Every structure is written in structure tokens, then in C-alpha cells.
Amino acid sequence: MAENEDGTEKTEDASSKKLEQAREKGNIARSKDLSSAALLIVAALSLYGVGALMVVDLTQLFSFNFVIAREDIFDVALMIHHLYVSVMATMNSLTVFMAIVAVAGIVGSVMLGGFNFSWEPLTPKLSKLSPIQGIKRMFSVQSLVELIKSIFKILLVGGIATLVLMVYLPEITDLTFETPSTALEHAMEVMIWAFIFVSSSLVLIAAIDAPFQVWQHKQKLKMTKQEVKDEHKQADGDPQVKGRIRQLQRQAAMRRMMSDVPEADVIITNPTHFSVALKYEQGTGKAPVLLAKGSDFMALKIREVGNHYDIPVVQSPTLARAVYRYTEIGDEIPEGLFKVIAQLLAYVFQLRRARNGEQPPDAMPVLDVPEEFHWDGN
């Protein structure tokens, strides 16, 4: 099981954030054996496809260069021309072959892990120059695994190459009895098939190495439980800081709420546990709006502000609890409370006009709150 430098076990899979950071640093799963296998197999198949064209080009090249006159050898300009013609004679087949191999090399290198470019691996690191770190890498488990893989590859490829050589040895020996053109074609055919068989042996190695590299990469990036917690803390923010922010937000919201209380038309109380402040814009056709609400200490502060600004404070426990429970600050009161609130506001407005010398209202009406809005405050 993977461990940290301090000995703590890495039991958790890498998070998406850590995987992204590793990718930015160029730390992704790669398989050299998969890349080599893809490159060599494509090269072998390309030889099979363009082999005939290569034979034609090589035949023309040999015919052209084997008939050089003795006096031409001492002519520098003629030798340069000979070199140019020789190079151009092989360009047709070699250009196609090299283009296919180049594409195979690029595709093979990104088959596992995808395309990724990073300057991080090129950054100089003093740890790479440390003899102690170098010795640790030489005698690490990774080095042992690479040694075993290398021995296995040598035995496998060498064994298949020996087997192929034994199979084609009679044909190779018979090349000396064939005409040059026939021998060239036959030699190319033997070489292509031998190349295909030997390259195919790398498929087995790549099939083992690619999953191993993916597994090893995941193991290296595993995280301890503490690292997962720390990452969540960084992503979500420190709980203490978040708590402080929420506290400040609540305080700001309370200040804004308390600043709206002086605009209220009436304050309804429990009388001690709950207080709500309502405002009604006459002539707008809209329902009354809840400006502020609070319980316990906040309820007391709402009542104190109401008394300071001479706002009517009405005690109605059932109605206060109903408005507190079913209405949010800034919202209109529920439709089911329209009637009882209208009766209360009518009484409050009569009180306000009575202060200006008009007829005082009769006793406050009975505020009958509908049964579905009853709430015990718990």
C-alpha cells in the first residue's frame, strides 16, 4: 500500500483536483513499451506495404552506382551529381515510410494518457543531482520492476528472434544461389516478415505494461485521509472562516432588518418570544409586507425600536407565531392571513387617526387566525 514520507498510509483515490495538478506537471501514465510496440508494428506493416516500391528503388540505385566509369570517380562534380541522383532515387519509398512511422510515433506516445505538454519535467531540480536520491532510485522497488521487465523483454524478443532466424535460415542461405534482382526481392520479403514477427512479440509486453503503468500511476497519486480533508477544506473554505463570514452576514442582515422597523405600521408580539413588524402601502392594492421578525432577544429589540418610534405594538400570540412561521422578510403575508391582518390594520389606522382628534376606535377586534396557520413555536 502507498505511504507518505511520514509513514501515513495513502488509502484514498486521487481527487479530480490532484489528477489535474499532476497532469499540469506532466505526471501522467505513460507506457514506453506500448509506444515502442505501436511504432515497430506500424513500421513493419508499412514495410510490407511499401516493400515492393523499395525493391524497385534499390534496384535502380544499385544499377546506377555499380556502372560508374573509373574516370568519373575522380570528377567531384560528377560524384556530387551521382549522390544527388542516388538520394532522390530512394525518396519515393522512404518518404512514405518515414511519414507513416512519424505519425505512428506520435500516436503511440499519446495512446496512454492522451496528449499533454508541460514544462515542469524540464525544470532543473537539485534532488535529481543528489547522489543519495540517485542511490535510492537505483535500489528502489521501481528499479527492480524495471529490471525484471527488461530481462523478460530480452528473453521474449530474443527467443522469438532466434525462432524466426531458425525458420528463415534455409531461405537466407538460398539467397546466394539467386539472381541479384530475385535475391533482393526475396531478402526484402524475409526481412519484412521477420520484422513483423519480432515486433508482434512486443504486443504481449505492452499488454502487461500498459495496465501496470495505469495502476502504478494511481498508486502514486493516492491520498491520505488527512490530505482529502485538507483539500476539501481548501475547496470549501476554512469552517472557522466560513462561520465568521456567516456571522457577519447575519449581523449585516439584522442591521438592515432593524433599519426597516421604523417604517412599520404595526408590530405584533407573542408577547415575549416572537415579534413581527408589518407595513401596508395603502392604495397600492398589494398585501402587507413583513419588514422584520425575530425571536427572544431579537424580538425584544424589535419591540424596543417600535416603542422608540411610537409604532403600535399589539399582543396576539397566535397571529405573531403564524406570521413568523409562514412569512419571510420582504415577502407579502400569506393569502390565508389577509382577513385577520386587515382587521388588525384597520384598528391600527383608526388609532392613528384618533391621535389627530378623530373618533377613537372601539375595542380591538378578535383576531381569529385560521386553524391551518396555528403554530406552537417549536
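**Group meeting: two buried sites in a long helix, a helix pair, and three residues towards the end of the numbering**

At 4% relative accessibility, Asp209 counts as buried, since the cut-off for that class is under 20% relative accessible area. I should say at once that what we are looking at is a predicted model, so please hear every value that follows as computed from that model.

Let me stay with Asp209 for a moment. Asp209 is found in helix α7, and once its neighbours within four places in sequence are set aside, the residues in contact with Asp209 are Ser31, Lys32, Asp33 and Lys149. Of these partners, Lys149 is 60 residues away from Asp209 along the chain, and yet the two C-alpha atoms are separated by 8.6 Å.

The helix that holds Asp209, α7, runs over residues 180-221 and also contains His186. Is His186 buried or exposed? His186 counts as buried, because its relative accessibility is 17% and the limit for buried is under 20%. Leaving out residues within four places in sequence, His186 has contacts with Glu171, Leu175 and Glu178, and with Glu178 there is also a polar contact between the side chains, at 2.9 Å. His186 and Ile172 are 14 residues apart in sequence, with a C-alpha to C-alpha distance of 8.7 Å.

Turning to the annotation, an unreviewed UniProt entry lists residues 37-56, 96-119, 151-170 and 190-215 under "transmembrane region". I looked at two of these spans in the model. Residues 151-170 are 100% helix and 0% strand, with 30 Å between the end C-alpha atoms; residues 190-215 are likewise 100% helix and 0% strand, and there the end C-alpha atoms lie 39 Å apart.

Next comes a helix pair. Helix α2, residues 32-65, packs against helix α4, residues 91-110, at an angle of about 170 degrees and with the axes 9 Å apart. α2 and α4 are therefore roughly antiparallel to each other, given that angles over 145 degrees are put in that class. By class, this contact has 14 nonpolar, seven polar and one charged residues. On the α2 side the residues that meet α4 include Leu39, Val42, Leu47, Val50 and Asp57, while on the α4 side they include Val96, Phe97, Ile100, Gly105 and Gly108.

I will finish with three residues from further along the chain. Thr269 is found in strand β1, residues 266-269, and Thr269 is buried, with a relative accessible area of 1%. Not counting residues up to four places away in sequence, Thr269 touches Phe274, Ser275, Arg303, Val313, Val314, Gln315, Ser316, Pro317 and Ala320. Some of those partners can be placed on the elements around them: Arg303 falls in α10, which covers 297-308, and Val313, Val314 and Gln315 make up β4, 313-315.

The other two are aspartates with positive phi. Asp296 has a phi near 55 degrees, a positive value in a residue other than glycine, and its place is in the loop between β3, 289-295, and α10. With 47% relative accessibility, Asp296 counts as partly exposed. Asp310, also not a glycine, has a positive phi of about 60 degrees, and this residue lies in the loop between α10 and β4.

Definitions and conventions: Residues numbered from 1 in each chain as written. Predicted model: local features only at pLDDT ≥ 70, side-chain atom pairs only at ≥ 80, totals over all residues. Heavy atoms only, no water. Helix = DSSP H or I, 4+ residues; strand = E, 2+ residues; numbered from the N terminus. Buried < 20%, exposed > 50% of the residue type's maximum accessible area, 1.4 Å probe, protein only. Contact = heavy atoms within 4.5 Å. Polar contact = N/O pair within 3.5 Å; in protein donor to acceptor, adjacent residues only side chain to side chain. UniProt positions renumbered as here; feature names shortened; annotations may be inferred. Axes fitted to C-alpha atoms, helices over the stretch in contact; angles between N-to-C directions. Parallel < 35°, antiparallel > 145°, perpendicular 65-115°, else oblique. Nonpolar A, V, L, I, M, F, W, Y, C, P; charged D, E, K, R; others polar.
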